[in-house]
Amino acid sequence: MKLLTNARIPDGSGSRVAHIAYDETIRRIHDEMPPSDDFSEIVDGNSFIVLPGCIDAHVHFNDPGFTRREDFFTGTAAAAAGGIATIIDMPCTSLPPITDVHALESKLAAIQEKAVVDFALWGGIRGNDNFSEERIEKLWNRGITGFKVYTISGMETFQALPYERIEQLFKTFDGTDILFAFHAEDPNVIKSSTLNPADWRSFPRIRSVEAEVEAVKRILDIQRDNRIHFVHISSKKAANLIIQARNDGRNVTFETCPHYLEFTWDDYATLKGKLKTVPPVKFAEDRASLRQAIGNGTVDYVTTDHAGVDWETGKNLPDFQEVYCGIPGTQTLVPYIISEFHVRRGIPLQKISDLLSANPARRHGLYPRKGSLQPGSDADFTIIDISRNAAFSESRLRSKGKYSPFHNRRFSASIVKTIVRGQTVYDCDNPDEIPSAWGKWVRRS
């Protein structure tokens with residue numbers, strides 16, 4: 001058994017120093033230092049912040065199928081370096097996409113020997129397929145954490161689902177515990193734009209606030225007694241619609257991403273393709289509103305929508321329309337959120353821990369195995385030093401995508417160690433020592 005000493009863990013509105021005994025799971029949490037000879041290894045927490053291993057519930061690691069952009073080893077290695085102990089990989093950027101049990105088994109065979117951190121998996125429902133209640137139920141029963149649906153898609157292998165088929169989906173699974181997640185942008189609003197898509201100035205007005213709001217509204221209008229989740233919400237109006245629906249008793253949650261919390265339309269002038277993703281970042285009032293939602297706890301959790309690509313062939317292009325949509329963000333999520341919202345804005349550590357650990361674990365059926373510091377939970381720890389203030393460099397990225405809109409941004413938080421089920425998978429003092437094939441598939445409980 002091992003011991004993590006002097007760990008500053010969340011405790012209500014503040015924090016406390018504790019000593020955590022663990023092997024692959026947390027065995028005990030001591031307020032006083034236990035005898036050292038009881039342990040095979042002692043890790044000095046040095047009064048650093050220790051969160052339950054952080055979770056990035058929205059990544060695209062593209063394996064198998066599009067591994068020239070990212071593969072499961074590079075993606076999970078980046079996650080480990082960013083303090084992420086568990087990722088949840090999306091179904092749409094694999095070949096075959098995870099829309100049935102056969103595709104799930106193909107995915108697992110391709111990735112399970114590559115994972116540095118633990119992983120859960122999304123399934124998907126796409127417009128390419130005829131509706132199959134049996135296929136959805138079988139995939140759900142295998143332990144995936146939810147089903148991803150697009151209202152608009154540029155992927156031939158994972159086409160969008162029209163609203164009438166979403167309504168059929170809601171009727172069929174009315175009252176069940178299946179979680180449906182939506183990329184919500186209305187195709188008709190987007191296609192009606194007459195602006196020039198090759199000009200970066202047009203991008204957030206083509207993929208507009210109105211497009212996001214219309215899609216969110218239409219999905220909420222046809223929701224029955226279903227569990228639904230909205231991914232990467234980027235605008236004030238859409239967030240407010242979801243918050244109101246939840247206040248009215250609907251089973252609905254949403255996530256946002258660091259790029260929506262930090263950047264606006266104005267930043268495209270300097271960042272260009274580095275910042276391109278969908279939905280695009282919007283305007284100052286949207287950023288301000290989403291930051292407020294972090295502070296008051298109305299956003300459920302923060303993810304990255306991580307999607308990397310080769311810089312020269314995918315991003316550094318003169319025609320903005322041809323630029324790949326995606327930001328490799330899993331390595332910067334935790335340092336950014338801790339720096340911006342805990343250190344700078346004083347949001348309590350417990351609320352930050354909920355955003356990055358407990359809330360996604362609960363929504364995806366992984367809690368309390370994940371997202372918790374209590375006896376019996378997996379020994380997943382994100383250890384963070386907030387005494388360092390340094391500029392982040394793209395050269396540190398472990399993703400195949402060697403670019404970031406956060407390049408040269410100063411973070412006042414850095415990852416010291418990432419521990420997954422008792423194994424150190426990242427250590428800032430030995431950053432190149434990466435344990436292979438340690439990560440395991442975590443099924444929804």
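Modeller: Before we start, one definition: two strands pair if DSSP finds at least two bridges between them. Please keep in mind that this is a predicted model.

Biologist: Thanks! With that in hand, what is the strand order in the open sheet of 3 strands?

Modeller: The pairing in this open sheet is parallel. From one strand to the next, the twist averages 20°. Reading across the sheet, the order is E6-E7-E8.

Biologist: Which strands of that sheet have one side left without a neighbour, and why?

Modeller: A strand with a single partner strand stands at the edge, so one of its sides has no neighbour in the sheet. That is the case for two strands here, E6 (54-59) and E8 (118-121).

Biologist: And which residue of E7 stands opposite Ile-55?

Modeller: E6 and E7 (residues 84-89) run parallel and are joined by 4 bridges. Opposite Ile-55 in E7 you will find Thr-86.

Biologist: Lovely. Which strands of the sheet does helix H1 touch?

Modeller: Helix H1 spans residues 72-81 and packs on the sheet. Its direction makes about 140° with that of E7. The strands it touches are E7 and E8.

Biologist: Moving on to helices, at what angle do the axes of H4 and H7 cross?

Modeller: Two packed helices are described by the angle between their axes and the distance between the axes. The axes of H4 (residues 163-172) and H7 come within 9 Å. The crossing is right-handed, and its angle is roughly 35°.

Biologist: How do the residues of that contact divide into nonpolar, polar and charged?

Modeller: On the H4 side the contact is made by Tyr-163, Ile-166, Glu-167 and Phe-170. H7 brings Ala-215, Arg-218, Ile-219 and Ile-222. The division is 6 nonpolar, no polar and 2 charged.

Biologist: Which helix gives the largest share of the largest nonpolar core?

Modeller: That core has 113 residues, and those with the most contacts inside it are Phe-180, Phe-230 and Phe-381. The largest share is 7 residues, and it comes from helix H7 (residues 209-222).

Biologist: How many residues are in the other core, the one that lies apart?

Modeller: Its members include Tyr-150, Phe-158, Val-231 and Val-442. The total is 16 residues.

Biologist: Last one: how many residues make the hairpin connection from E2 to E3?

Modeller: E2 (residues 14-22) and E3 (residues 26-30) pair in the antiparallel sense over 4 bridges. Tyr-22 stands opposite Ile-26 in E3, and among the residues touched by Phe-381 are both Tyr-22 and Ile-26. The hairpin joins the strands through 3 residues.

Technical notes
Residues numbered from 1 in each chain as written. Predicted model: local features only at pLDDT ≥ 70, side-chain atom pairs only at ≥ 80, totals over all residues. Heavy atoms only, no water. Core = buried A, V, L, I, M, F, W, Y, C linked by side-chain atoms within 4.5 Å. Buried < 20%, exposed > 50% of the residue type's maximum accessible area, 1.4 Å probe, protein only. Contact = heavy atoms within 4.5 Å. Axes fitted to C-alpha atoms, helices over the stretch in contact; angles between N-to-C directions. Left-handed = near helix turned anticlockwise from the far one by under 90°. Nonpolar A, V, L, I, M, F, W, Y, C, P; charged D, E, K, R; others polar. Lists of a residue's contacts leave out its neighbours within four places in sequence.
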